[in-house]
Amino acid sequence: MSDGGQETGSGAAGGGGRDGRDDDDVRGSDSTAADSQRGESSASDSPGQERVHGAYPVETPEQLLGEVAAVRRKTRLARHAYWFPLVLFGLLTCASIPFYIVRLPPSGASVGSSPAGPVYLRSAYLGGFGMLTGRYITYYWLAAILLGVGATTAWYRWRGNRVGLRTAARGYLITGAVLLLLALAIPALAVRAVPRLMILMPGDLLIRGTFPLVVIGIGLCYLAWAERSIALTVIAAGYLALSLVASLYDIENVLYRLGWNLSPAVSGLPNVVLPALVLLLSGASAWAVQRRYDVRPPSLTDAEAS
Amino acid sequence: MAAQPTGEHPTNGLDETVHQRHRLGILTITSEARRAEFGYLRGALDLTPGNLSRHLTVLEDAGMVKVEKGYEGRRPRTWVSITRTGRSALAAELDALAALVRQHADAAKRAEAAAKSEAAESGDGEFSGDGGFSGDGD
């Protein structure tokens with residue numbers, strides 16, 4: 001390559017071209033005449049350094065495709081960091097348990113008094129529809145999901161800087177924000193302006209107050225796509241299915257058949273604890289695998305990178 | 001020789017800018033992440049900084065990657081991301097390579113079939129020859 005090319009190279013990537021060996025490596029490892037077609041001369045080569053095609057091992061298409069597959073697999077393994085959101089949302093779900101302990105009202109009082117706060121914060125999608133859940137559950141889930149989405153985005157950014165591979169986490173932030181906005185806007189609009197929107201709020205799905213777990217599951221499905229991870233896809237799909245079951249069915253019934261007779265105050269807890277356990281166990285397993293690939297790339301000296 | 005399949009030969013789909021194995025590696029890695037850092041690419045592809053820089057220049061000149069420089073604290077960082085052109089070129093290259101593999105496999109099958117039929121034909125010849133030989137013996 002010409003000297004001109006060398007200057008461009010240093011300017012573009014900041015890496016170097018400071019020693020002849022590097023230049024020779026690039027010239028020699030170019031498989032064909034790609035550079036010569038661009039009019040780049042080999043004038044700087046000494047005769048002894050000339051390399052003809054064939055001086056390097058020629059790779060078959062099978063070998064190249066195999067290398068591409070190996071590089072792709074290695075890159076995905078290095079980029080995967082989903083243990084953190086799994087553990088985080090598992091812990092946030094555990095922290096929501098007190099809101100699902102039923103406090104039966106004194107005799108004579110009506111069950112299911114209106115939750116506190118303005119109407120847009122009584123979102124049925126954030127647990128506000130639950131007749132016996134805590135009054136402030138919507139505040140909790142709003143704060144918890146905001147915290148979870150924000151911390152996950154920051155985590156991916158931090159880890160991307162550390163490993164040298166960034167995941168498209170901004171889309172996750174946008175997905176989380178849109179889901180929360182819909183969760184707040186639809187119930188408010190349905191009550192105030194567009195009653196027809198009530199069709200989007202089926203009581204069977206929202207009455208147990210565990211729909212926030214479905215929101216978390218949808219977010220995890222987006223992460224699985226961004227991470228291009230089959231394992232996370234399986235986890236997210238399984239979790240989403242379980243969270244839908246937890247919203248539609250009293251898991252306590254299964255426990256009762258197995259001989260566990262829970263008191264009425266905690267009869268709703270299995271619907272929360274089971275999804276939380278799935279997240280925590282999946283997160284712990286993913287951490288055990290992913291920590292092996294959490295390696296900083298070799299750092300450049302300031303001189304090399306400037 | 002078996003007839004070539006009609007249509008363009010897969011090698012016509014190979015782009016010399018992309019076909020080089022390190023540049024193919026750079027495009028593959030950057031297609032898997034939103035951005036890849038210079039140090040990661042260097043380690044993953046086992047290249048010297050100068051060598052990687054030259055490959056990036058070739059790809060950047062072809063509009064296949066975008067190189068951004070910045071600082072993280074006092075540490076200089078160079079991030080590389082793939083462009084839409086780069087994604088298309090990578091997909092075309094992988095398609096062409098896969099087509100070549102398929103063509104090689106087909107050719108190998110045809111050659112094997114031809115060899116088998118040739119062996120069968122020569123086997124028939126030997127049989128009649130043996131008969132002739134045994135006849136001479138008698």
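## Chains and their elements

Helices here are DSSP runs of H or I with at least four residues, and strands are runs of E with at least two. On that basis chain B has 5 helices and 3 strands. The model is a predicted one.

Along its sequence, chain B reads α-α-β-α-α-β-β-α. It has 138 residues, and 38% of them count as buried. Among the chain B contacts with a separation of 6 or more, 59% join residues 24 or more positions apart.

Chain A holds 13 helices and 1 strand. Its order is α-α-α-α-α-α-β-α-α-α-α-α-α-α. Of its 306 residues, 36% count as buried. For contacts with a separation of 6 or more, residues 24 or more positions apart supply 71% in chain A.

## The nonpolar cores

The largest nonpolar core has 43 residues. Within this core, A:Y82, A:Y125 and A:V215 touch the most other members. Six helices of chain A each give two or more residues to it: helix 5 (83–95), helix 6 (137–163), helix 7 (170–192), helix 9 (211–227), helix 10 (230–248) and helix 12 (270–290). Helix 9 of chain A gives the most, with 8 residues.

Which residues does A:Y125 contact, leaving aside its neighbours within four places in sequence? They are A:A183, A:P187, A:L206, A:F211 and A:V215. A:V215 is thus a contact of A:Y125, and A:V215 is also listed with A:Y82 and A:Y125 as touching the most other core members. Another core lies apart from this one. It has 34 residues, among them A:L64, B:I26, B:Y40 and B:L41.

## Helix 7 against helix 9

Helix 7 and helix 9 of chain A pack at an angle of about 160°, and their axes are 10 Å apart. Angles over 145 degrees count as roughly antiparallel, so helix 7 and helix 9 of chain A are roughly antiparallel to each other. Their crossing is right-handed.

From helix 7 of chain A, the contact takes in A:G171, A:Y172, A:T175, A:G176, A:L179 and A:A183. These meet A:V215, A:I218, A:G219, A:Y222, A:L223 and A:A226 in helix 9 of chain A. By class, the contact of helix 7 with helix 9 of chain A has 8 nonpolar, 4 polar and no charged residues. Two of the names recur from the core: A:A183 and A:V215 are both contacts of A:Y125.

## Helix 6 against helix 7

What are the angle and the axis distance for helix 6 and helix 7 of chain A? The angle is about 170°, and the axes lie 9 Å apart. The cut-off is again over 145 degrees, so helix 6 and helix 7 of chain A are roughly antiparallel to each other.

Helix 6 of chain A brings A:L142, A:I145, A:L146, A:V149, A:T152 and A:T153 to the contact. Helix 7 of chain A brings A:Y172, A:L173, A:G176 and A:L180. The residues of this contact between helix 6 and helix 7 of chain A divide into 7 nonpolar, 3 polar and no charged. A:Y172 and A:G176 face helix 6 of chain A here, and A:Y172 and A:G176 also take part in the contact with helix 9 of chain A.

## A:L248 in helix 10

A:L248 is found in helix 10 of chain A. Is A:L248 buried or partly exposed? It is partly exposed, because 15 other C-beta atoms lie within 10 Å, whereas a buried residue needs 20 or more.

A:L248 and A:G203 are 45 residues apart in sequence, yet their C-alpha atoms are 9.3 Å apart in space. Leaving aside neighbours within four places in sequence, A:L248 is in contact with A:D204 and A:L205.

## Positive phi in two loops

A:R228 is not a glycine, but its phi is positive, at about 50°. A:R228 is in the loop between helix 9 and helix 10 of chain A. With 16 other C-beta atoms within 10 Å, A:R228 is partly exposed.

B:D46 also has a positive phi, near 55°, and is a residue other than glycine. Its place is the loop between helix 3 (38–45) and helix 4 (49–61) of chain B. B:D46 is exposed, because 10 other C-beta atoms lie within 10 Å and 12 or fewer count as exposed.

How values were computed:
Residues numbered from 1 in each chain as written. Chains lettered and ligands numbered in written order. Predicted model: local features only at pLDDT ≥ 70, side-chain atom pairs only at ≥ 80, totals over all residues. Core = buried A, V, L, I, M, F, W, Y, C linked by C-beta atoms within 7 Å. Contact = placed C-beta atoms within 7 Å. Axes fitted to C-alpha atoms, helices over the stretch in contact; angles between N-to-C directions. Parallel < 35°, antiparallel > 145°, perpendicular 65-115°, else oblique. Left-handed = near helix turned anticlockwise from the far one by under 90°. Nonpolar A, V, L, I, M, F, W, Y, C, P; charged D, E, K, R; others polar.
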